[in-house]
Amino acid sequence: MLKFLSFTSGSCGNCYFLTTGTDGLVIDAGVSLRRMKSVLAEYGYDYSSFNNVLVTHDHLDHIRNLDSFCKKLMKPVWATTVLHGALATHAFTRAHIASCRKFLDIGKWTRVGEFSVRPFVVPHDATQTVGYAISAGGEEFVIMTDLGRVTDEAVELASGASTVVIESNYDVDMLMGGSYPHELKMRIMQGHGHISNDECASAIKRFAHEGLKNVFLCHLSENNNTRELAYACSSAALKEAGCNHVCLRCLPRQYPSPLVEL
């Protein structure tokens, strides 16, 4: 049985933990090792509870502490060739990543410890951004964060998953009526930034299925969204799709989620 924990989810930092009970994965490295150690300890885990790190893209809120992970923990860091090329020259990762690099191919399943992992490209304004389909312990898990639009491939993979972590970044009215410069608003909205609550809900209606058990909403904007708005929008989508059995959660921005059994 898989368990899932979000350390933080948002522009302040992103980092997630998946465990089978005997092996674990960390997705992204946007929190400090000190914070990670403290949170893991609350559930009886430590650094030895995960053996590999996956990276979604090279924006700072996802890789801020990756160099420390490599230097102090020396865990394998899995990413695509394109993304590893960017990490090899990035000021926050270039010092110690070389000896930790492991490579994934887009669209192909790779065995990573007790997990099978398949990266898929999503549109976002980084060097390259990927979501992950992950299979382990009889569960299918998909995570897609920081995406400007939801692709057909992402929907197809989510349609076979029991748990989906998906971005629900902003409320359109809050963003357009807010204080962000026009250029930033357009960057967020125009296909290579983030998806709105409405776009997230539309995607949920497309991939909702009888075997879906959990939907976790990630990367909620601090300035342009609220947990209540994001939840209400996705909850209505699940109800319309006839999936009232699904557990829907908003992942906290600045503090850990509970450890959830999937």
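How many of the residues of strand S1 are buried? I looked this up at the start, keeping in mind that the model is predicted, and I noted that seven of the eight residues of S1 are buried, so that the strand is mostly covered.

**Entry: the neighbours of S1**

I then looked at what S1 pairs with, and found that S1 and S2 run in the antiparallel sense over seven bridges, forming a hairpin with two residues between the strands. For one bridge I wrote down the residues by name: serine 9 has asparagine 14 in S2 as its bridge partner. S1 also pairs with S14, again in the antiparallel sense, over two bridges, and here lysine 3 has glutamate 261 in S14 as its bridge partner. I looked for a helix as well, and noted that helix H1 (residues 33-42) lies across strand S1 (3-10), strand S2 (13-19) and strand S3 (24-27), running at about 145° to S1.

**Entry: the whole sheet**

Following the pairing outward, I recorded an open sheet of seven strands in the order S6-S5-S4-S3-S2-S1-S14, with mixed pairing. Strand S6 (101-104) and strand S14 (260-261) are at its edges and have a single partner strand each, so one side of each is left without a neighbour in the sheet. At the S6 edge I checked the pairing with strand S5 (residues 77-80), which is parallel and extends over four bridges; tryptophan 78 stands opposite lysine 102 in S6.

**Entry: the nonpolar cores**

Next I turned to the largest nonpolar core, which has 33 residues, and I noted Met144, Ile166, Phe207, Val215 and Leu217 as those with the most contacts inside it. Among the elements that each supply at least two residues of this core are strand S10 (139-144), helix H8 (197-207) and helix H9 (227-240), and the largest share, five residues, comes from H8. I followed isoleucine 166 and found that, leaving aside residues up to four places away in sequence, its contacts include Met144, Phe207, Val215 and Leu217. Apart from this core lies another, of 27 residues, including Val26, Val53, Val55 and Leu66.

**Entry: H8 against H9**

Finally, I asked how the axes of H8 and H9 cross, and noted that they come within 8 Å and do so at roughly 25°. The two helices therefore count as roughly parallel to each other, and their crossing is right-handed. Among the residues that meet there, I listed Cys200, Ala201 and Ile204 from H8, and Leu229, Cys233 and Ala237 from H9.

Definitions and conventions: Residues are numbered from 1 along each chain as its sequence is written. This is a predicted model: local features need pLDDT of at least 70, side-chain atom pairs count only at pLDDT 80 or more; totals for chains, interfaces and linings use all residues. Side-chain values use heavy atoms; hydrogens and water are left out. A nonpolar core is a set of buried Ala, Val, Leu, Ile, Met, Phe, Trp, Tyr and Cys residues joined through side-chain atoms within 4.5 Å. Buried means under 20% relative accessible area, exposed over 50%, partly exposed in between (1.4 Å probe, protein chains only). Contact means heavy atoms within 4.5 Å. Two strands pair if DSSP finds at least two bridges between them. Axes are lines fitted to C-alpha atoms, for helices over the stretch in contact, and angles run from 0 to 180 degrees between N-to-C directions. Angles under 35 degrees count as roughly parallel, over 145 as roughly antiparallel, 65 to 115 as roughly perpendicular and the rest as oblique. A crossing is left-handed if the near helix is turned anticlockwise from the far one by less than a right angle, and right-handed if clockwise.
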